[in-house]
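Dear colleague,

I am passing on the structure below, followed by a short account of what was found in it. Please keep it open beside you as you read.

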Amino acid sequence: MHLMQSPPGPETKVDDCQYLYFCGTGYLGLHGHADLIQASIEATRAYGLGTATSRSGYGNAPPIIEVEELAARFWDSEAAYYFASGYLGNHVVLSVLAKPGSVFLLDENSHYSVVDACRCFDLPTYQFAHLEAEALRELLKDRLRPGQVPIVLSDGVFASSGAIAPVKEYLDVLEDIEGAMLCLDDCHAFGVLGERGCGTFEHHGIPQRGINELPPNQDIAGSPRLFAVGTLSKAFGGYGGIIAGTNTFIESARSSSHYYSGASAPPIPVAAASAMALKLVANTPNLVAGVKQNALRLKQGLNDLGLEIELTPVPIVSLELGDSQNMRRIQHGLAEEGILIDYKSEYAGLGARGALRIAVFATHTEEMIKKLTEAFGRHL
Ligand SMILES: Cc1ncc(COP(=O)(O)O)c(C=O)c1O
């Protein structure tokens, strides 16, 4: 087991050594940001660590409410719900949407949290081939019975591969199906994709209006209904699950079971840090633009080594290079040069050999990225 002894950032102390760090999910480089830390210290002094009661009672401390107000503004929505973890997000959404007659259709590589959420409902659940809209179409033809309503679930951005869900293709497939819904787990896209960092729908040019709506917008009746949920624990450098939508949708989301737990909201220090992160990201467009620029720099640098990596704005690169032994060799070789990347032998969507995973942050310098790609070239 490794020990992280500093905030995760472009340079991170792990196992008593300082590394150039290209792992994890701190895409905007905010986890150790002085303003976030200061906000959390001040809130801890003012309000303590937690409310020790659920949000259905007195457990609504000001930083928690502030996160919800700022998130509603960030995602251009009427309201937002802030809850204990991103992992719970799919369960929160399905608690609102799933009804008798619903059918779940999942991308086969969906994150554990999507799979687990579906398991909580006693409803028909099917998987379709990863990213394959045509496979979804065939599955719907085979399985959907008259009167049933499909709820399609997928990661917006896949954690291990960095692939982006082909949202437009899914919408074409769902276009003529009454009441069809598309739900994205956007944990790796919030704060990253789209011009403002609103996520996968923004990346695909789909306006925020119409996302997480209940009842459905009459103006767009007949179109598939869109839902997205994410986290403040990754790009935003804070902690906790987040969903923004209409007042009615958010009120329904609050009535999911989590609201009645003493841990219904994240602890106050991280709520305050998350509120600060929302302000920072909204007011510093360079962060969201910067992570995309660095994603392209990294991918271009690796392509220059002869690797074939699609130039998307996702700050994740996944590489299957030979067998697991070879990938571990590359990982260890880089570590000996003071550079950390991940090798994952197992994760949702990975093949039997596993894969090397490189994450780049808005706060990596051009020089740091060059160091990584040059070293990578030496160990290929
Ligand atoms: C796709 C996806 N969904 C949900 C989660 C859980 O989010 P959180 O870490 O905020 O609980 C993760 C991360 O681990 C993830 O990769």
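**Contact between the two domains**

In this predicted model, 18 residues of domain 1 are in contact with 24 residues of domain 2, where contact means heavy atoms within 4.5 Å. The chain is divided into domain 1 (11-27 + 286-379) and domain 2 (39-283), with bounds that come from an automatic or database domain assignment.

Between them the domains bury about 1,600 Å², 65% of it on carbon and sulfur atoms; buried area is the accessible area (1.4 Å probe) that two parts lose on being put together, summed over both. The count of salt bridges between domain 1 and domain 2 is zero, a salt bridge being a side-chain nitrogen of Lys or Arg within 4 Å of a carboxyl oxygen of Asp or Glu.

**Salt bridges elsewhere**

The whole structure holds twelve salt bridges. One of them joins Glu251 and Arg254, with the closest N and O atoms 3.5 Å apart, and these two residues are linked with Arg55 and Glu68 in a network of salt bridges. Glu251 is partly exposed at 48% relative accessibility, whereas Arg254 is buried at 13% (buried means under 20% relative accessible area, exposed over 50%, partly exposed in between; 1.4 Å probe, protein chains only).

Residues are numbered from 1 along each chain as its sequence is written, and side-chain values use heavy atoms, with hydrogens and water left out. Local features need pLDDT of at least 70 and side-chain atom pairs count only at pLDDT 80 or more, while totals for chains, interfaces and linings use all residues.

With best regards
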